[in-house]
Amino acid sequence: MILQCFGSGAVALAVRTAGQAAGLDLPEASFFAALVVATAERVLHKFQSSHGSILSLVGCIPMVPGSIAAKGLMNLFALLRAHPSEEILAATNGMKNLLEVTFTLAAIGTALAIPRLIYPRKMLHLS
Amino acid sequence: MVRTASAYLECWKCPNWRAPNGFGAGNPAATSGRFQRELTMNNRSLQQANPTDPGETRGHPNVLPMDATLEIGGEKFSVERGLFDMLPNHRNNPRDKTTSLPPLSDIARLSLSIGRLLMESGESGRIIHEEIIRVAYALGCDSAEVYCQHAAIIVTLRRGEEFCVQMGKVGEHGVNLRQSEAIKDTLRRVASGDLECSAAQTEFDDVPHTTPSYPIWLVCLCTGLACSAFGRLFGVDWPAFFPVLIGTASGQWIRHALIVRKQNIFIVSGIVSFGSAFLAGLGARLLRSSHPETATVAAVLLLVPGVAVLNIQMDAIEGKPNLAAARGLRVIYLLVFMTLGLIAAQRLILPVM
């Protein structure tokens, strides 16, 4: 399982890096990377199996933009002691980073949900 | 006379069929194609091999001609005389009544244990709902409703005229996918009928103690390697690689030590962030790295709650905004404390810009 998790993360980062090299923004590249991993996991998983899988979730963890979130918050804190001429720049940088984090996380979450919504796993209880 | 397939009792069509292996009752679409094919082939085999023999089952004990009689316990039953009720997997089978269904309160307590353990292991709201409902149905409930909040779970179970509502508290949310898999393995055994309610409760109570975990030194080492690798992705040069590794590994060890002592998770985040960033930045400056600031940022990435963030997205998309909002607020506070620790360390280590 460790090797599968390793591979899932590697595939996700590889697709994201390729997407960014092709000119996509971070949220767009992260969306496609998460979609590829989630689709592969759903397709390769046993058909009609009720067993869940964690591979797509684990594979997307390296794409969570933690450093950008930290930079965004640091820029907001820097706003508190910025010179009057630098306030707008600090605020803009902070908001830009935080918006990028928000859109990236939304993109990853949406991409992870799409394969499961289209092809849900088998439920065992009576319905 | 050769009987046609329609003359055979196909129990999966019976609305009272309590199917093993998850085949749905009264809903052919819910059964697997494989089971339907086997049933059809079995009917044809019975027609061809023993057109007048009602008793051959070939592994499907409830495929019987409609005018068959079955002897159970020395007494003969027919379709007119309650044969349905005597079939092995029929819900009204009196033989099943000798093994009585567990009380609703026990099932509710089991459901809350399952929900609490899954939430503390880092599962999303949808998984928790599905697993609790699955177990409730497997243990004989007619309906189950679950409401998950960040700090509590409410379960409502109904069986005939009985109902039971229970609430259980949830502890600190973490990430332990190995424990989550162990819980789901036990759940499958409960759902398939291999484990009774009381035995399942005992197993779930022992899960936190019996689930194996990696040695702490390995966790620290791997965390350090991951963060130093991220540092390289951010552009950190090689002189800063080992300071980031050592700073992160030390921070992970501190985090483990404080969490075991049940310290506040946000205070822990601030302390670990400061410690990791301080060590990484100090080492980067001593080794004359040209990216000490980036090294400090890379060293605190161990605190980013990746699984929690992704669970927020899943909960929001899958119709659980309250749980998503509560988790989101927790993540924001974690990031704020992480940033405060990072800023404090950078003020000490980095030259004033």
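**View 1. Helix α12 of chain B, end to end.** At 1.5 Å a residue, the 12 residues of α12(B) (306-317) should cover 16 Å, and the end C-alpha atoms sit 17 Å apart, which agrees. The expected span here is 1.5 Å times one less than the number of residues. Helices (H or I, at least four residues) and strands (E, at least two) are DSSP runs, numbered from the N terminus. This is a predicted model, where local features need pLDDT of at least 70, side-chain atom pairs count only at pLDDT 80 or more, and totals for chains, interfaces and linings use all residues. Residues are numbered from 1 along each chain as its sequence is written, with chains lettered from A and ligands numbered from 1 in the order in which they are written.

**View 2. What surrounds α12(B).** Of its 12 residues, 11 are buried (20 or more other C-beta atoms within 10 Å of a residue's own, C-beta atoms being placed from the backbone). Among them are V307(B), L310(B) and M314(B). The buried residues pack against α3 and α5 of chain A, plus α5 and α13 of chain B; contact takes C-beta atoms, placed from the backbone, within 7 Å. Just past the helix, G319(B) has a positive phi of about 85°.

**View 3. A three-stranded sheet in chain B.** The sheet is open and antiparallel, ordered β5-β6-β7; pairing takes at least two DSSP bridges between strands. β5 and β7 of chain B are at the edges with a single partner strand each, so one side of each has no neighbour in the sheet. β6(B) and β7(B) share 8 bridges, and R159(B) partners E162(B).

Methods. Two residues are in contact if their C-beta atoms, placed from the backbone, lie within 7 Å.
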